[in-house]
Amino acid sequence: MIAEIFCISSTQEVIFYKKYEHDTIPHNKSIDIFCSRIAESRNQEILPTIQDDGIYYYHILRGNLYFVASSTATVSASIQVLEILVRFAFLTVAVQILIGLYQLCKDFCGMVTEDGLQSNILLIHELLNEFICDGYVQLAVTEKLRQYILTNPVTVKAKTPDNLSSGLFGVEYKNVSENTHEKPVVQPRTQQEQRKSEVFVDVIERLTVLIDNKGQVARNEIHGKINLKCFLLGTPTVLLGLNSDLTVGRTNIPGYGPNVHITNYSFHDCVKTDLFEEKKILTIHPPQGEFCSMNYSHQGELSGGLPFILLHHLNQNNDKEFELSLNLKSNIPTRSQAIKIRLTIPVPASSTSVSHQFNGPGQKFIFSSKDKKMVWEIKKLNGGMEIGARFKIVTSGENASLMDVGPVTMDFEISGFVCTNLQVRFLQVQDQGKLFMPFQWVRYITIPDSYTFKIT
């Protein structure tokens with residue numbers, strides 16, 4: 001049973017607050033307690049469940065927003081509480097139970113940001129009134145809720161410096177007019193007949209890669225998904241065609257040859273697979289809002305290789321000085337580009353200073369004397385290009401060794417490319433027996449879960 005539900009920003013500003021009549025918790029007590037816990041954490045991660053004076057606080061953090069529900073029930077009720085919270089804020093795929101809340105807020109408001117929620121505060125409270133009754137969930141599905149919601153959404157545009165933005169449905173803007181991906185799926189009734197038929201498709205792959213100090217791949221895993229967001233009238237059927245040479249299953253053949261290969265896959269309940277085995281076509285009856293139509297994974301070598309290779313040379317000049325040379329090579333296609341590249345390298349605990357030398361523009365260096373880490377940032381790197389840097393590490397000489405340097409962990413974002421080469425061959429919409437082509441926007445996105453190079 002939910003006593004309160006509220007949202008606060010990282011600066012402790014209350015975005016919205018809802019209190020239920022049966023609750024005996026003093027007004028604003030929960031907000032004060034939770035804000036004090038945030039202050040005490042000093043920007044460190046706090047536990048998702050907090051207990052204070054017989055009250056349980058469950059929260060999730062996405063972006064700069066904390067979504068919090070309080071309850072006087074025991075921790076055994078946390079599953080129900082998390083199911084409520086997930087309908088309002090985005091969480092990773094690993095926490096499947098929390099995906100629904102983000103979808104509801106995005107379906108009705110368009111964006112889950114501080115500005116987006118503040119601009120739609122009346123809509124949020126109307127959603128909460130229908131979503132929860134006397135502390136219990138009653139409606140949690142967009143299709144069922146939309147008929148009870150009368151407030152029209154206010155669309156808020158995202159801030160997109162340099163026409164680039166991280167996150168789904170917004171990595172690249174240059175081909176998308178009017179920022180359609182930011183509009184709420186559930187639009188005002190007066191606009192529903194006027195809107196275009198549009199379908200957004202994101203093919204997203206997350207990499208887990210470990211390369212040893214000899215340059216050999218010790219681990220290579222890919223977890224991918226195909227996300228759809230549909231702006232379609234009526235109850236159409238979407239036909240999504242993938243690579244005709246797609247193969248599935250485990251094999252001992254290195255690289256799997258030229259064909260596109262995945263190891264495992266699963267589909268959303270709305271996807272029919274009658275044509276998948278033979279023609280690699282998904283038949284989708286899309287629900288309202290954004291959803292994942294297909295999850296897939298790949299393990300082992302890739303015919304095209306890894307997107308990045310790092311060449312390194314580490315030398316100890318004397319007891320107090322190390323030299324590290326790094327050369328990063330991009331193996332992605334020339335038409336693609338990696339942005340927000342960040343390489344983090346731990347250094348010996350006795351390090352006192354680090355100097356650097358770059359071989360080109362668009363680079364930045366940061367040394368944290370507190371964390372004993374240096375960071376090499378690269379604004380962008382086109383496919384097929386190489387870039388290098390040299391670092392001189394000075395220590396106090398207290399038991400410093402080559403083994404204290406590394407490993408190198410890498411973050412990046414690639415648009416227009418996925419490592420498995422999985423492609424959307426075609427997309428058609430069928431309604432009342434007739435096929436038509438909607439406006440369609442297909443994006444390919446690659447990001448790392450963990451991309452690590454050992455250098456010693």
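Buried residues make up 48% of the 456 residues in the protein chain. Here buried means under 20% relative accessible area, exposed means over 50%, and partly exposed is what falls in between, with a 1.4 Å probe and protein chains only. This is a predicted model, where local features need pLDDT of at least 70 and side-chain atom pairs count only at pLDDT 80 or more, while totals for chains, interfaces and linings use all residues. Residues are numbered from 1 along each chain as its sequence is written, and side-chain values use heavy atoms, with hydrogens and water left out.

On the outside, the protein chain exposes about 21,900 Å², and carbon and sulfur atoms supply 48% of that area. Those areas come from the Shrake-Rupley method with a 1.4 Å probe, and for residues only the protein chains shown count as cover. As for secondary structure, there are eight helices and 27 strands in the protein chain. Both are DSSP runs numbered from the N terminus: helices are H or I with at least four residues, strands are E with at least two. Take the contacts (heavy atoms within 4.5 Å) with a separation of 6 or more, and 68% of them in the protein chain come from residues 24 or more positions apart.

Now for the inside. The largest nonpolar core has 40 residues, and L328 and L343 touch the most other members. A core of this kind is a set of buried Ala, Val, Leu, Ile, Met, Phe, Trp, Tyr and Cys residues joined through side-chain atoms within 4.5 Å. Strands giving two or more residues to the core include β8 (198-211), β17 (308-318), β18 (321-330), β19 (337-346), β24 and β27. Leaving aside neighbours within four places in sequence, L328 is in contact with a list of residues that includes F308, L343, W376, E386 and M410. Apart from this core lies another one, of 27 residues, with V201, C230, L246 and Y444 among them.

Next come the rings. The whole structure gives 13 aromatic pairs. In one of them, the ring centres of F412 and Y451 are 5.4 Å apart and the planes sit at 85°, so this pair is edge-to-face. The rule is that rings of Phe, Tyr and Trp (its six-membered ring) pair if their centres lie within 6.5 Å, with planes under 30 degrees apart counted as stacked, over 60 as edge-to-face and the rest as tilted. The two partners come from distant parts of the chain, 39 residues apart, with F412 in strand β24 (residues 408-415) and Y451 in strand β27 (residues 439-453). Both F412 and Y451 are buried. Ring pairs also bring F308, F412, Y451 and F453 together as a cluster.

F276 has a charge for company: the charged end of K280 sits over its ring, 5.9 Å from the centre. To count, NZ of Lys or CZ of Arg must be within 6 Å of the ring centre and within 35 degrees of the ring normal.

What about charge pairs? Side chains of opposite charge can pair when their charged atoms come close. The structure holds four salt bridges, each one a side-chain nitrogen of Lys or Arg within 4 Å of a carboxyl oxygen of Asp or Glu. The table has three of these salt bridges, among them R206 with D449.

| Salt bridge | N to O distance |
|---|---|
| R206 and D449 | 2.7 Å |
| R219 and E221 | 3.3 Å |
| E323 and R390 | 3.4 Å |

R206 in strand β8 and D449 in strand β27 are 243 residues apart, so to speak from distant parts of the chain. R206 is partly exposed at 30% relative accessibility, and D449 is partly exposed as well, at 43%. In the R219 and E221 pair, R219 is partly exposed with a relative accessible area of 40%, whereas E221 counts as buried at 18%. E323 lies in strand β18 and R390 in strand β23, so their pair ties together parts that are 67 residues apart in sequence. E323 is partly exposed at 24%, and R390 is partly exposed at 45%.

A few backbone details round things off. The peptide bond from G406 to P407 is cis, with omega near 0°, and P407 is found in the loop between β23 and β24. K372 is not a glycine, yet its phi is positive, at about 55°; this residue is in the loop between β21 (363-368) and β22. N421 also has a positive phi in a residue other than glycine, near 65°. N421 lies in the loop between β24 and β25 (424-431) and is partly exposed, with a relative accessible area of 34%.
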